[in-house]
Amino acid sequence: MESYRREYEFSLSSILSFVWRGIVVGCAAGIMVSLFRLLIAKIFAQVVKYYQLSHENPSLLGLILLVSVIVVIAIGFLLKSDPDIKGSGIPHVEGELKGLLHPDWWSVLWKKFLGGVLAISMGFMLGREGPSIQLGAMAGKGVAKTLKAQRMEQRVLIASGAAAGLSAAFNAPIAGLLFVVEEIYHQFSRLVWISALVASLVANFISLNIFGLAPVLDMPGELVILPLKDYWLLLILGAFLGAMGYLYEKVTLNAGVVYDFLGKICHISNYFYGIFAAVLIIPVGYFYPQLLGGGNGLITSLTTSHLTLAVVFLYFIIRFIWSALSYVSGLPGGIFLPILTLGALLGFGFGLGLNQLGFISTAALINFLVLGMAGYFGAISKAPLTAMILVTEMVGDFRQLMTIGVVTLVAYIAMDLLKGEPIYEAMLAKLSIPKDREVIEPTLIELTVSDKIAGKRVRDLTLPKNVLITTQIHRQKSEVVRGNTVLNAGDTIFLVVNEPEIGKIRQLLM
């Protein structure tokens, strides 16, 4: 009971306590992710240079392949030593906040950093943003461990670190906060949003000092204002992006069978599937080096490259297939930026088609590129608010929020009608969590009283065993909950639950 009392006191502590914790987490995550981002950019530039030189000296391809294989074998040993560094890392953060995973923060931090830098910089079509979120989360957990924080406070600092990681990776502090609330923490909690916002702002400040004030996707042209008479085109675009997002999810979640088949034939462990990815990426690097990596350079060059619709379609097919093959190899890297790149290609290609049909001007093509990113990511992640604000912050133009909102909403609805799942939750469901890693430990969580349970008495709720509602905060006053206590909509309640049941209880009551 003493530990619950301390956790409860933390939840009622002053705003300043959230602020200073957020500052510490933001500094740790901002420094870590900025260095991560910087190293990837430096090494990746050299890799692309060698691919370009291979046209004059084809023997360099052999050198690139040899180095790539050595790198992925080294990464394979890192994966074998700690499976929690595999892939994006966002599902792992979600799993920890739901009480399903309990990774060693220090092991994940340095191994994910090293493995992520090596994998992403070698030209695989992986994003730095997912790993950045996991690095930020583990930095937050490290701060929590240093402060000897209770589990409830640990979860808050982990969520804050995740927000700071995305903020530093994309220079998008508001999107960092929204992503954590909408996709990872699944609750707009005072405990989280204050410290997460502070951490995001601090991490972004550090990143801006290193990379400058220009938006991450600083477009060469200026977005135009679409006339209202053209808004019907946005409905078609949104439906198209939603359908394509559903296709992406199905392919990405099931593409692992390719490597499983090759692994059985070649007798290669799944920790070393990156070898196949290293071989498969070589022809892309030789013929289309501009398609390598996460894709931010490709996005910003689309409007000035004078590409035909056929070439845009070819680029999309290559990026679609190789992004999936890169991700399911298990290499430490994410799908965040690759999704945005695919969305940009879809939106730009859609705009080119409309332009050729005479529906829009050439100047409006950049708008459709931006709309494609927002709608495609919003559909696949099923986090539309994050998608809207993220893309807006990345391009640095807030005048397009209306059109972005329309496309993202329609894409989200289309994805929902097709029964598509949030991609990161689907990935978490596919994670194999050994029973010996499951920790059955009671902890305190907070929830906002939803309409689902508002007006009911506590004794009328059907709660699983070992779940206890302890306190309700009503009009900023704390009251002990009893059987006849009426739950008020919008109030905060505190519950004692077993950690692996956190997600289940949130789903049950919210």
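**Note on the predicted model: core, aromatic pairs and one loop**

1. Buried residues account for 58% of the 510 residues in the chain. The coordinates are those of a predicted model, and every remark below should be read on that basis.

2. Overall dimensions. The chain has a radius of gyration of 23 Å, which agrees with the value near 24 Å for a compact globule of 510 residues. Along the principal axes, the C-alpha atoms fill a box of roughly 75 × 55 × 45 Å. There are 20 helices and four strands. Of the contacts between residues at least 6 apart in sequence, 82% join residues at least 24 apart.

3. Nonpolar cores. The largest nonpolar core has 148 residues, and the members that touch the most others are Phe-170, Phe-336, Leu-340, Met-373 and Tyr-376. A second core, separate from this one, contains 14 residues, among them Leu-447, Val-449, Leu-461 and Ile-505.

4. Surroundings of Phe-170. With neighbours within four places in sequence left aside, Phe-170 contacts Glu-129, Val-216, Phe-336, Leu-337, Leu-340, Leu-390 and Met-394. Phe-170 also belongs to an aromatic cluster, together with Phe-179, Phe-336, Phe-377 and Tyr-424.

5. Helix 6. This helix covers residues 129-146; at 1.5 Å a residue its 18 residues should span 26 Å, and the separation of 25 Å between its end C-alpha atoms agrees with that. Helix 6 is mostly covered, with 16 of its 18 residues buried. Lys-148, which follows helix 6, has a positive phi, near 55 degrees.

6. Aromatic pairs, stacked case. The structure holds 18 aromatic pairs. One of them is Phe-240 with Phe-350, stacked at 5.8 Å centre to centre with 25 degrees between the planes. Phe-240 is in helix 10 (residues 231-254) and Phe-350 is in helix 15 (residues 336-356), so this pair ties together parts that lie 110 residues apart in sequence. The two rings fall into separate burial classes: Phe-240 is partly exposed because its relative accessible area is 31%, while Phe-350, at 16% relative accessibility, counts as buried.

7. Aromatic pairs, edge-to-face case. Tyr-248 and Tyr-376 have ring centres 6.1 Å apart and planes at 65 degrees, so they form an edge-to-face pair. Tyr-248 lies in helix 10 and Tyr-376 in helix 16 (residues 365-381), and the pair therefore ties together parts 128 residues apart in sequence. The relative accessibility of Tyr-248 is 1%, so this residue counts as buried. Tyr-376 is buried as well, with a relative accessible area of 0%. Tyr-376 is also among the residues that touch the most other members of the largest core.

8. Charges over rings. Arg-37 lies over the face of Phe-211, 3.9 Å from the ring centre. Lys-382 lies over the face of Tyr-412, and here the distance to the ring centre is 5.5 Å.

9. Pro-220. This residue sits in the loop between helix 9 (190-211) and helix 10. Not counting residues up to four places away in sequence, Pro-220 touches Thr-300, Thr-303 and Thr-304. The C-alpha atom of Pro-220 is 12 Å from that of Asn-367, although the two residues are 147 apart along the chain.

How values were computed. Residues numbered from 1 in each chain as written. Predicted model: local features only at pLDDT ≥ 70, side-chain atom pairs only at ≥ 80, totals over all residues. Heavy atoms only, no water. Core = buried A, V, L, I, M, F, W, Y, C linked by side-chain atoms within 4.5 Å. Buried < 20%, exposed > 50% of the residue type's maximum accessible area, 1.4 Å probe, protein only. Contact = heavy atoms within 4.5 Å. Helix = DSSP H or I, 4+ residues; strand = E, 2+ residues; numbered from the N terminus. Expected span 1.5 Å × (residues − 1). Phe/Tyr/Trp six-rings, centres within 6.5 Å; stacked < 30°, edge-to-face > 60°. Lys NZ or Arg CZ within 6 Å of the ring centre and 35° of its normal. Rg over C-alpha atoms; globule rule 2.2 N^0.38 Å.
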